[in-house]
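Welcome! Let's take a friendly look at the aromatic rings of this protein and the places where they meet.

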Amino acid sequence: MHHLIRPAVIAMLALAASTASAAVTVTYVNTEKMTDVPRFETDRKSMEINFREFFEELATRLPAGQDLKVEILDIDLAGDVFPRVPIRDVRVTKGSYDFPRIHLRYSIEQDGKVLRSGERELADRNYQLNVNSYRNEMYNYEKQMLSDWFKKDVLASN
């Protein structure tokens, strides 16, 4: 039995080393004043966590040693909110004027030095017509828009 444990531990350590991810810092600047975010605090916090985890996922594609810092300056989620009950809103997307928009500032750093940075106002007017890799997830339109930006603007610079 002991002879089986050692290879398993080595395999787990190798896996942990190979999946070591970049440091990711996501800051939300005045979430309560943003254009269109969930109105209930618990839903807003859940949205913040959801996007933070998504940026962490994106950052795993960066070269080793590079860190991602993102400041979210404004969010306008896809669709419009229709309050239905006091504790839960319903978001409906129509595909015309209700496209997702995110204004962000970012930097990629390595060893304390900024490799590149920028400020972007992302918008996807064709959000319902595009292929969406995240269609079964919350904030799927915003995630597809962020993923496209990350591939085109951040990873293409490497």
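Phe-51 counts as buried, with a relative accessibility of 2%. The model is a predicted one, and a search through the whole of it turns up 5 aromatic pairs. Phe-51 belongs to one of them, together with Tyr-139.

**Phe-51 and Tyr-139**
- The two rings sit 5.2 Å apart, centre to centre, and their planes make an angle of 35°, so the pair is classed as tilted, the class for angles that are neither under 30 degrees nor over 60.
- Phe-51 is part of helix α2 (residues 41-59), while Tyr-139 is in the loop between β6 (113-123) and α3 (140-154), so this pair ties together parts that are 88 residues apart in sequence.
- Tyr-139 has a relative accessible area of 12%, so this residue is buried.

**Tyr-127 and Tyr-141**
- These two tyrosines, Tyr-127 and Tyr-141, form an edge-to-face pair, with 4.6 Å from centre to centre and 85° between the planes.
- Tyr-127 comes from the loop between β6 and α3, and Tyr-141 from helix α3; the pair links these distant parts of the chain, 14 residues apart.
- Both Tyr-127 and Tyr-141 are buried.

**A cluster, and a charge over a ring**
- Tyr-106, Trp-149 and Phe-150 come together in one aromatic cluster.
- Which residue lies over the face of Phe-99? Arg-101 does, at 4.2 Å from the ring centre.

How values were computed
Residues numbered from 1 in each chain as written. Predicted model: local features only at pLDDT ≥ 70, side-chain atom pairs only at ≥ 80, totals over all residues. Heavy atoms only, no water. Phe/Tyr/Trp six-rings, centres within 6.5 Å; stacked < 30°, edge-to-face > 60°. Helix = DSSP H or I, 4+ residues; strand = E, 2+ residues; numbered from the N terminus. Buried < 20%, exposed > 50% of the residue type's maximum accessible area, 1.4 Å probe, protein only. Lys NZ or Arg CZ within 6 Å of the ring centre and 35° of its normal.
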